[in-house]
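Biologist: Could you take me closely through one part of the inside of this model, and explain each term as you reach it?

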Amino acid sequence: MSANGIRLHVVEAGEGPLVVLLHGFPEFWWSWRHQLRALAEAGFRAVAVDLRGYGDSDKPPRGYDLWTLAGDVDGLIRALGEQRAHVVGHDWGGAVAWTLAALHPRRLHTLTAIGIAHPLAFRSALLRHPLGQGRASRYMAGFQLPRRPEATLRRDDGARVERIMRAWSGPGWTDTADFAEAVGRNREAIRISTVAHCALEYYRWMARSQVRAEGRRFATAVARRAEMPVLQVHGTGDPCVLESTARGSARWVAGEFRHETLDAGHFVHEERPAETTALLLSHLKPRERR
């Protein structure tokens, strides 16, 4: 599907109000397998997309900044024939969703952020709590090196993806067949030509923007408080984005804000799919009955 000058690969299920699902690192659309089915059965049109640079979507040499990524989703919603959508994002997909809410607020009915904080809440926590969120985010420093991180992600048929997913997940899920299948699919996906590089460009833009004028402009733009209802779902054992960091997102919400926690790690929607879906439906369905 064409949007914002590139082609985005989407997987769609069901009919009804549009729900757009945005994945994170190191995954692709398939991470929403549980929610796609459940949302369709509940009367929604669920669309999971491969973000720019991932899966079967286009992999241009640039455009891995949150300005452009939010523009991709803005264009996608309109390409799907709708003016507004419920937008759900995990990890980087959640950062894109928060940015969309600030830059294109009329495009959202509701916002759901899973395993991620508002970009400014995250930046604030890095600066204020270097031994907390700063330490939790130290893996990002290694992603700033040229070429070597890409090689480590592809090496041994993507074995590092499994190590990342095990380290970031809570107890229980890593011993299941569902986890094994998720690891296998994500290892395959990271080996698609240029995906590893494109995925790391998200992190590199984030680091570069902190010391450039572009970053200051972005901070000003994304500071606009979200007026749509916001649901934030977070794992109590998330080692990447601390729950205290996620709670700080409330500062950038002007409307209804609901923060829910589940006994999980970073991949909440996969580790606790039924509970996550129940929270999501409780957030979406009341809006559709109005």
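Modeller: D74 is buried, at a relative accessible area of 8%, where buried stands for under 20% relative accessible area, exposed for over 50% and partly exposed for what is in between, using a 1.4 Å probe and protein chains only. This is a predicted model, in which local features need pLDDT of at least 70 and side-chain atom pairs count only at pLDDT 80 or more, while totals for chains, interfaces and linings use all residues. Residues are numbered from 1 along each chain as its sequence is written, and side-chain values rest on heavy atoms, with hydrogens and water left out.

D74 sits in helix α2, which covers residues 66–79; a helix here is a DSSP run of H or I with at least four residues, numbered from the N terminus. If its neighbours within four places in sequence are set aside, D74 is in contact (heavy atoms within 4.5 Å) with L100, H104 and R107.

Turning to the nonpolar side of the interior, the largest nonpolar core, a set of buried Ala, Val, Leu, Ile, Met, Phe, Trp, Tyr and Cys residues joined through side-chain atoms within 4.5 Å, has 93 residues. V20, L21, L22, F25, L39 and Y203 are those with the most contacts inside this core, and helix α9, residues 195–209, gives the most to it, with nine residues. Y203, again leaving out neighbours within four places in sequence, is in contact with F25, D91, W92, Y139, M140, F143, Q144 and W168.

Notes:
Helix = DSSP H or I, 4+ residues; strand = E, 2+ residues; numbered from the N terminus.
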